[in-house]
Amino acid sequence: MHAPTEPRHYLLIGLAMAVSAIFLVVPLVSIFAVAFSRGWEVYLGNIIEPATLHAIWLTVLAALVCVPINTVFGIAVAWAVSRYDFRGRRLLISVIEVPFSVSPIVAGVTYLFLYGTQGLFGPALQAAGIQIMFTVWAIFLVSLFVTAPFVARELIPLMQAQGSEDEEAAISLGASGWQTFRLVTLPNIRWALLYGAVLTNARVMGEFGAVSVVSGNIRGQTNTLPLQVELLFNDFNTVGAFAAASTLAFIALVTLIVKYALELREGT
Amino acid sequence: MSIRIENVTRVFGDFPAVRNLTLEIEAGELLALLGPSGSGKTTLLRMIAGLDFPDSGRILLDGEDATGLGAGERRIGFVFQHYALFRHMTVRDNVDFGLRVMPRAARPSRAERQAWVMELLERVGLAHLAGRFPAQLSGGQRQRVALARALAIRPRVLLLDEPFGALDAAVRKDLRRWLRNLHVEVPVTTVFVTHDQEEALDVANRVVVMNAGRIEQVGEPREVDAAPASPFMYRFLGHANRLSVEVVGDGVRLGNRLIDAARVDIAPGVPEGPAEAYVRAHEVVLVPPSDPRADMTARLVHSMARGGLLRLEFVGADGELFEAEIPREDCEDLALARDEIVGLHLRRMHIFPKGHG
Ligand SMILES: Nc1ncnc2c1ncn2[C@@H]1O[C@H](COP(=O)(O)OP(=O)(O)O)[C@@H](O)[C@H]1O
Ligand SMILES: [Mg+2]
């Protein structure tokens, strides 16, 4: 890399900045601009409106459920594929990526097909008195599916590169499996792990497609924030929609900042 | 602690890395595992440490079967080729690790641990760097931290995988001497892996040479160097010349010269007829081409002075390369020039079956 020297370099840089501004920064700013267009009180009133508040709560709950589960899942998968050589290892690495390669809508529809009343397991579940579709459980399930790869994807290349010598050293010094994990493995992967968890969190909170198919959009019950935003928008409550959206935008900003900080950290 | 490796085999996929290997290591020995890269040295070391397990055979520690025992239960100190220091811990915490993870009942007090860690760091000459992180150390320093860390658990056996492999020549030499001294101070059974014969011969009390997963030769350094037991050993030790000869009675025919038994060692089981002779570079004497002692003639193509020795390279009549190593003063009277034809007298020839190994 070097500093720009010729006019065409500056032109290119200027263009990149202008496009970023128009397509990325302006919308972000406008969310807050519209949200606050009628002042603080209206904004706050929109946020503490029970349905919106419930949507925020549900979104946070989904994150609280999904982030830990997928963090543990990600560590387990990364551990398995980077430490052991087994039949189906490559297949497993590819399968983890599936949620990234299918549209979230497809994921939602698939879950509907599996667990809905007309679905594959539907009758059995119904007979057992268990309802999954159109409840928070469905939201958790599809969110788990959609965000399953994030942590594993961050960890696998790192753990493969680091190899298992550190862990073997710990074991030969008498550490138990858990001590080795806690004192050696975890510190070695902590930034990548945190990064994966942050991405997972952002996606769980922001997921629209898959959740909209399975949640049933029951106002005040199974509406997460993204669904609430759409609902308010369809009700022509633009300011309310933008107020709800601003909370999501805020989460996105925080995610970006944390991501940036972590990348700086890893770079050192 | 003594180690007995009994008919141990380890196969990766369908590749046998260690093949039916048996070896006895006595308590307090300083043993070198020597062999070319890929000969199974690391695999054997890892099996002794309990980081890998034999597919068949047994490993006995102090006479007790330890084949299935995990690494943590063997109390064996292992120094990895690339050190494997914990990068997020200071030097002090690295060395303390093995003590810190002990079960509470067995664990020394914090003060005792601290004292022992500092004593070890003192011994490896790194006490002043106790607060540093591994990334802030040189290769030689990391190596010594890894050693101190392995010694902290008062291991019954110390295993080192290519301990000097990644270091530059001067540091290597220092560490070699230092390892020898350490073994005198802390006479724990020590096995170290190397592919550098000089290192093995210099440091160890006994050398085990491995080739393709098997033991090629075992002996004291002097023995191994003085009497290589196979063509592989000649090639591996280097500076040996290979010649095609014909065994005739208890002598050999080289070209049209007969060389009698006095200068020839014939390995057991070599039949009459075509065979391979190995002649080490220092067993070659230069004579005038017409001298009756000349077993062959060759043309000088290269010479290199090294200390008191001169390494000479010749091309023989059939274009084969030939190496000789002679004291420098012997050469001054000869006043050799490049492309000069000289006679070579072979003081000793070691005969093996044709095409063996
Ligand atoms: N985990 C493994 N999986 C497959 N092959 C291996 C493994 N470890 C070692 N090998 C193979 O076994 C042979 C011996 O390896 P190693 O013991 O590391 O040799 P050395 O230490 O003498 O260089 C090599 O050919 C190597 O490729
Ligand atoms: Mg090796």
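This report describes a strand sheet in chain B and a pair of helices in chain A, as they appear in a predicted model.

**The sheet in chain B**

In chain B, six strands come together as an open sheet whose order is β13-β12-β11-β15-β21-β14, and the pairing within the sheet is mixed. Its edges are formed by β13 (257-259) and β14 (264-266) of chain B, each of which pairs on one side only. From one strand to the next, the twist averages 40 degrees. Strands of a sheet pair through backbone hydrogen bonds, either parallel or antiparallel. Within this sheet, strands β11 and β15 of chain B run antiparallel and are joined by eight bridges, and in this part of the chain B:V245 stands opposite B:A275 in β15(B).

**The helix pair in chain A**

The two helices α9 and α11 of chain A have axes that come within 7 Å and cross at roughly 160 degrees. Because angles over 145 degrees count as roughly antiparallel, α9(A) is roughly antiparallel to α11(A). The crossing in which α9(A) passes α11(A) is right-handed. By class, the contact of α9(A) with α11(A) has eleven nonpolar, five polar and two charged residues.

The residues that meet across this contact include those in the table, listed by helix.

| Helix | Residue range | Residues in the contact, among them |
|---|---|---|
| α9(A) | residues 149-162 | A:F150, A:V151, A:E154, A:L155 and A:L158 |
| α11(A) | residues 177-206 | A:T185, A:N188, A:I189, A:A192 and A:R203 |

Notes
Residues are numbered from 1 along each chain as its sequence is written. Chains are lettered from A and ligands numbered from 1 in the order in which they are written. This is a predicted model: local features need pLDDT of at least 70, side-chain atom pairs count only at pLDDT 80 or more; totals for chains, interfaces and linings use all residues. Side-chain values use heavy atoms; hydrogens and water are left out. Two strands pair if DSSP finds at least two bridges between them. Helices (H or I, at least four residues) and strands (E, at least two) are DSSP runs, numbered from the N terminus. Axes are lines fitted to C-alpha atoms, for helices over the stretch in contact, and angles run from 0 to 180 degrees between N-to-C directions. Angles under 35 degrees count as roughly parallel, over 145 as roughly antiparallel, 65 to 115 as roughly perpendicular and the rest as oblique. A crossing is left-handed if the near helix is turned anticlockwise from the far one by less than a right angle, and right-handed if clockwise. Contact means heavy atoms within 4.5 Å. Ala, Val, Leu, Ile, Met, Phe, Trp, Tyr, Cys and Pro count as nonpolar, Asp, Glu, Lys and Arg as charged, and the others, Gly among them, as polar.
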